[in-house]
Every structure is written in C-alpha cells, then in structure tokens.
Amino acid sequence: MEKIHGDLFVDLLHSPFSRRGSFFAFANSTNGQDLIGKCTLWLCNCRINMNAMSVDFSANNGFRQVKLELLKDGKALPALISTTPYEVILSSRHGSVKFVIGERKLVMCEGSDNLGLRITPAPRFMAPAALDTMEGNGTKIINFGATRILLLPFAGELSLRGGSVDITPDENGAIRLGFEDFVLDPVHRPMEEYPDYDECLASVKADFDGFCARVCPSLPAQYEPARLHALWCTWNLIVDPDGEAAYTRTMVKMIHSIFESAFVWQQPMQAVWLSNDLELAWEIFVAGFDHLDDNGRMIDSLGYRKNVGGDGLKPPAHGMMLLWLMDNIDFASIPTESKEYVWEGMRRWTEYFIEFRDKDHDGVMEFQNQIETGWEDSPYYYEIGFPCASPDLNAFIALAMESLARLGRDIGKPEDVCRKWESSSKELVTKIVDHFWDGKRWFAYNPLTGEKSQTANISLYCPLILGDRLPKDVIDKSIEFMFSPDGFNTPFGLASEGLTSDNFRHGFTSGSIIVPAEFLMVMGLEACGRADLAGQVANNYCAIMRDHGFYHIHNALTGKEDRSLTAFGEPGLFWSAWASSCYIWMASRYGG
C-alpha cells in the first residue's frame with residue numbers, strides 16, 4: 001500500500017509553516033487531514049489587517065490564498081504534505097515537489113519527478129494575468145490579497161489554464177519555480193541573480209539553527225524532544241522591520257491566521273523567555289515603546305498595519321519584566337541611550353494609567369472594558385461590570401513604578417525623582433492589600449457601585465507577583481487557597497477559574513490552562529519564596545505542552561489542547577509563540 005501519512009516535523013493542521021520575518025506561510029485546508037487525498041496545500045498571506053480585512057476571514061479558507069496541487073499529465077493528483085524544520089514537501093505516489101521560503105519575500109519550489117504544479121488563486125481574487133513582456137522569460141503574475149506574486153519559471157514552462165497557472169516539466173522532467181512577493185508592482189532582478197533552491201535551503205537552515213543555538217541549545221532530557229519544535233514555533237512567528245510593515249523593531253506575533261498580531265503585554269514576556277539572546281530580547285522589549293499614542297497608551301496589537309484608536313490596550317506587564325531582566329541579564333551591557341528611551345516610555349505608559357484609569361482619583365487604577373483586562377472572558381467582571389478596580393492591574397503598576405525608580409538610578413536620574421517613584425510604588429502596594437484583600441481572599445470591585453466580585457479567578461491572585469512586598473499572612477493564605485480543593489491546582493498546571501466555582505466554564509480565562517496564568521503565577525510563587533510550588537506548576541505545564549502541543553489554551557481537566565475557540569471561520573487555534581517561548585523558558589529553568 002502506498003504511504004497515507006506525511007512525515008511531519010510540524011503538522012500544518014497545528015501550525016502554518018513560515019520563517020522568521022516572512023509574510024509567506026503554508027497551511028492545510030481548514031477542513032484538511034493528514035491523509036493522502038484529504039489534505040490541500042495552500043500558500044498564505046500573513047499581511048493581515050483586522051480593521052481593513054485585507055484577508056477575507058468569512059471565506060472557507062481564510063488567509064489561505066493560493067492553492068498548490070501536483071499535476072501528472074495535466075491532472076491534479078491526490079497528495080500528502082510533509083515538513084522538515086526547513087521545507088514543505090508535497091508528495092504523491094509519482095514523486096514529490098518541495099518548497100522553501102528562501103528569502104523573506106521569496107519561495108522557491110523544485111521537483112524532478114516529471115511532475116507539474118497547478119497554482120490557483122482563491123476565487124475571490126482576480127484571475128491570473130499574463131506578464132510575458134519582462135525580458136520574454138515567461139513570468140506570470142497573480143494577486144495575493146494586499147500584494148502580488150510574480151511567478152518565476154527557472155525550469156519548466158508556465159501556462160494559463162482558466163483561473164489557474166500550470167507549470168509543466170522541462171525536457172529533463174524538472175520544474176524550478178520562484179514565488180516572489182511584491183507590495184508594489186513587480187520589478188524583478190535578472191533571473192541569474194536569484195538564489196537556487198540549495199542556497200535558499202542553506203539560508204533557512206543557518207537562520208533557524210543559529211536562533212536555536214543562541215536561545216536554547218539544549219533542555220533537560222524530559223523536555224528535549226520538543227525543544228526544536230518550540231523554538232521553530234517561536235522563530236517562525238518573529239517579525240522584523242522591513243520598511244513596509246508597521247513594525248519598527250523585532251517583535252513576536254502570537255499566532256498565525258486569526259491572531260496575526262504582536263500583542264502589547266506578550267512582548268516583555270517574550271523578552272524574558274528569549275533572554276539567552278540578549279540582543280534579541282532587549283530589541284523585543286523596547287519595541288512596544290515605539291508605539292505610544294499622544295496620551296502614552298501603548299497600542300494593543302500591532303499587525304502588518306497599525307490598529308490605531310479605540311480603547312484597546314493590555315495589562316502593563318513591562319515593569320515586572322524589566323525588573324526580572326535587570327536581575328537576570330548582563331544589564332550593564334545595554335546602551336545607556338536605550339535604557340533612557342525605555343525609562344521615558346515606561347514613565348509615559350505608567351502615567352497613562354494614573355491619569356486615564358483612575359476615574360475616582362483614589363490612587364487605585366481600574367479597567368474600563370473586558371479587552372484591556374487581558375482575561376477576555378473572566379467571570380469576575382461579569383459579576384460587577386465596569387469600571388472594574390482589580391488587584392492584578394494595580395500590582396503591575398506598582399512594579400512599573402518600582403522599575404522606574406531602579407532604572408532611573410541606573411541611568412543617573414535625580415534621586416528625588418527615583419524616590420518619588422519608589423514611594424508611589426510602596427503606597428500602591430499598601431492600597432492593594434487595603435482595597436482588594438478581605439482577610440481570606442482577593443476580589444475586584446466596581447468603584448461606582450461598591451459591588452465586589454465573588455468568583456475565584458486566578459487573575460485576582462496576580463498580586464503574588466509582588467512577592468515579599470506583601471504581608472506574609474496574605475501570601476500564606478493566598479497560596480493555601482490556590483492549592484486547596486476549591487483552588488486552581490491540577491495535574492496540568494493552574495486552572496484560570498477555581499475548580500469548584502459555579503463559573504468554571506472551560507473558557508479562555510474561565511477554567512482553562514492558559515499561558516499568562518501559568519507564567520505569572522510561577523513568577524509570583526517564586527517571588528514569594530515558594531520555588532518548590534513554582535517548579536511543580538511549571539513542570540506540570542511543560543509536560544502538557546510537550547505532549548499535546550504549543551496551544552495557548554489547554555483543558556484543565558484532561559491536559560489536552562482545547563481547540564474549541566473559533567473565529568473568522570477558522571475551526572481551531574494553531575500553535576502559539578506565547579506558549580512555545582514559555583515552554584523554552586520554563587523547561588530550561590525548572591526542568592532540571
């Protein structure tokens with residue numbers, strides 16, 4: 001019997017396949033399977049602007065825009081998709097064709113088994129057009145959402161066939177084809193100046209292998225089997241400035257397809273997780289400060305084009321992560337001017353919350369809507385509404401104030417300025433205990449109505465990130481509840497909602513195992529002197545990512561990935577760099 005499953009380094013049903021800095025990706029169909037004749041290879045455009053909808057998510061295959069099929073004697077063949085860390089391979093019983101993203105804007109394709117390739121843009125785009133006038137070399141152009149692709153035949157011949165372009169083999173049975181992406185009208189280089197397939201493959205291999213060596217060359221034995229997969233997931237979601245996109249510095253996107261954005265509060269987390277590569281980590285940390293509006297608010301999510309306006313923002317985790325970086329990297333090697341830039345950005349970002357998120361001027365900040373909480377379906381604010389004064393927001397701000405004092409002293413700010421921020425931080429910590437702790441539990445409240453939340457949500461326990469700044473009895477009682485039968489502890493990590501809560505729903509923040517809950521609480525437990533519990537949670541969480549994949553949502557009762565969340569026609573979530581980078585850091589720090 002012929003082979004029915006592909007050899008998969010990464011299954012395209014788990015993650016589209018891209019490379020660092022590229023807006024090209026490969027994916028299987030939304031309803032595809034890893035089974036011969038049940039999978040379809042698509043070339044995808046990751047230049048997604050959720051506001052302008054440059055990709056039609058209501059369509060059957062979303063951001064998948066160009067279908068790729070093997071041909072034999074002019075007929076499409078049932079095929080299999082295989083992957084390595086560097087290539088995508090489309091195979092049939094007659095042979096195969098392989099693809100590599102050799103440059104940020106160039107895919108190279110090669111086959112030598114007398115097979116052709118059919119290239120079909122999604123029906124919602126215009127039909128391919130002949131473009132044979134460019135040096136008479138038989139190139140074609142197809143539309144690719146917001147951009148266009150120039151098809152470059154290096155071996156074989158391109159021909160139009162209805163709404164498709166076919167490449168047929170040359171006299172040696174070979175095809176070699178380039179897909180070059182252009183935002184503007186295509187102007188290609190001379191054909192002899194393009195890299196060949198092997199050069200493209202060597203480029204990808206050097207890029208990825210170098211990233212692995214810098215960030216995480218090895219893990220403890222129990223987590224080593226998933227190391228390269230985790231590193232690859234993060235690497236292929238890194239974006240770099242290119243003069244065309246809104247990105248001014250390197251950032252890490254969350255996920256391909258429906259969350260094709262770099263989110264505000266994930267960037268400082270990524271800086272911690274990737275801190276073995278100091279240059280990369282610091283660049284990622286600084287990036288968000290390039291995108292402050294006139295009031296000092298940091299843009300919630302940065303996609304190919306900026307999503308500007310509205311009330312979107314995310315929790316200000318930057319101060320907490322900056323303090324960690326100051327304690328754990330060679331901070332003296334960071335240029336002073338870069339530290340000064342961060343200090344000024346951190347000041348504006350912190351003062352934004354003081355000015356615009358303290359409507360009753362009592363020195364305690366409030367969330368104004370559910371998106372900015374970062375816990376988009378958490379039960380506690382459904383109980384009390386908005387504005388919602390919450391202990392996690394204020395804990396983040398207290399650490400931001402402390403980071404301004406510490407960084408200020410490092411760069412020579414006047415001592416009275418540093419003391420002011422230090423004093424403000426201590427005052428806020430006192431208010432956090434006074435306003436949000438009832439002697440037994442943490443709660444949020446509505447400052448307009450005075451109503452207090454009753455549910456047990458893990459976000460309300462984020463003040464543990466303050467560590468020994470909190471009274472010892474508050475720490476002890478918090479941890480006692482967290483690991484009690486009514487708390488959050490499971491064999492797979494910490495659930496986002498209490499296990500016996502009437503609000504336990506398996507949602508993102510109402511009962512699942514999710515990245516921010518695991519990471520922030522591990523950091524909090526360690527800050528509170530409970531490295532034993534931090535390690536327990538981290539190892540439980542790393543085990544389910546190793547075994548079930550780098551999804552940012554896992555089921556709290558089974559440990560398996562939870563792909564029930566759907567949006568814009570996508571049937572489930574893909575692997576997320578939010579999870580994969582966290583795995584790298586936790587497995588390295590606690591796995592031994």
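Here is a chat between a trainee and a mentor about some pockets, cavities and residues in a predicted model.

Trainee: Let's start with the open spaces. Which helix gives the most to the lining of the second largest pocket?

Mentor: That pocket has a volume of about 270 Å³, and its lining runs to 14 residues. Three helices, α5 (318–328), α9 (391–411) and α12 (515–527), each supply at least two residues of that lining. The one that gives the most, with five residues, is α5.

Trainee: And which residues lie nearest the centre of the second largest pocket?

Mentor: Think of the lining by class to begin with: it divides into seven nonpolar, two polar and five charged residues. Of the 14 residues in the lining, those nearest the centre are M320, L323, W324, D327 and A527.

Trainee: Now E526, which sits in helix α12. Is E526 buried or partly exposed?

Mentor: Buried would need a relative accessible area under 20%, while exposed starts over 50%. E526 has a relative accessible area of 28%, so the label is partly exposed.

Trainee: Which side chains make polar contacts with the side chain of E526?

Mentor: Leave out residues up to four places away in sequence, and E526 touches A534, R589 and Y590. The side chain of R589 is joined to that of E526 by a polar contact of 2.6 Å. There's another polar contact, at 2.5 Å, with the side chain of Y590. That makes the partners R589 and Y590.

Trainee: How far is the C-alpha atom of E526 from that of D547?

Mentor: Along the chain, E526 and D547 are 21 residues apart. In space, their C-alpha atoms are separated by 25 Å.

Trainee: Let's try the other end of the chain: is R19 buried or exposed?

Mentor: R19 is found in the segment before β1 (24–27). The cut-off for buried is under 20% relative accessible area. R19 comes in at 7%, so we call R19 buried.

Trainee: Which residue's side chain makes a polar contact with the side chain of R19?

Mentor: Start with what surrounds R19, ignoring neighbours within four places in sequence: the contacts are I101, G102, E103, S203, V204, D207, W235 and N236. One of these, at 2.9 Å, makes the side-chain polar contact with R19, and that's D207.

Trainee: What about G163, how exposed is that one?

Mentor: G163 is found in the loop between β13 (157–161) and β14 (164–168). Its C-alpha atom is 8.9 Å from that of I119, a residue 44 places away along the chain. With a relative accessibility of 38%, G163 counts as partly exposed.

Trainee: On to the enclosed spaces. How many charged residues are in the lining of the largest cavity?

Mentor: Searching the whole structure turns up three cavities of 30 Å³ or more, and the largest holds about 50 Å³ of space. Its lining is made of M251, A262, V264, Q267, G288, H291, M298, I299 and L302. By class that gives six nonpolar and three polar residues, and the number of charged ones is none: there are no charged residues.

Trainee: And which charged residues line the second largest cavity?

Mentor: This cavity has a volume of about 40 Å³. Its lining consists of L8, D11, L12, N28, Q33, D34, C39 and I81, which split into four nonpolar, two polar and two charged. Asp counts as charged, so the pair you want is D11 and D34.

Methods: Residues are numbered from 1 along each chain as its sequence is written. This is a predicted model: local features need pLDDT of at least 70, side-chain atom pairs count only at pLDDT 80 or more; totals for chains, interfaces and linings use all residues. Side-chain values use heavy atoms; hydrogens and water are left out. On a 1 Å grid over the protein atoms alone, a cavity is a set of points where a 1.4 Å probe fits but cannot get out, and a pocket is an open set with protein on both sides within 12 Å along at least five of seven lines; lining residues have an atom within 4 Å of a point. Grid points are joined across faces, edges and corners, and a volume is the space filled by probe spheres set on the points. Helices (H or I, at least four residues) and strands (E, at least two) are DSSP runs, numbered from the N terminus. Buried means under 20% relative accessible area, exposed over 50%, partly exposed in between (1.4 Å probe, protein chains only). A polar contact is a pair of N or O atoms within 3.5 Å; within protein, one must be able to donate a hydrogen and the other to accept it, and residues adjacent in sequence count only if both atoms are side-chain atoms. Contact means heavy atoms within 4.5 Å.
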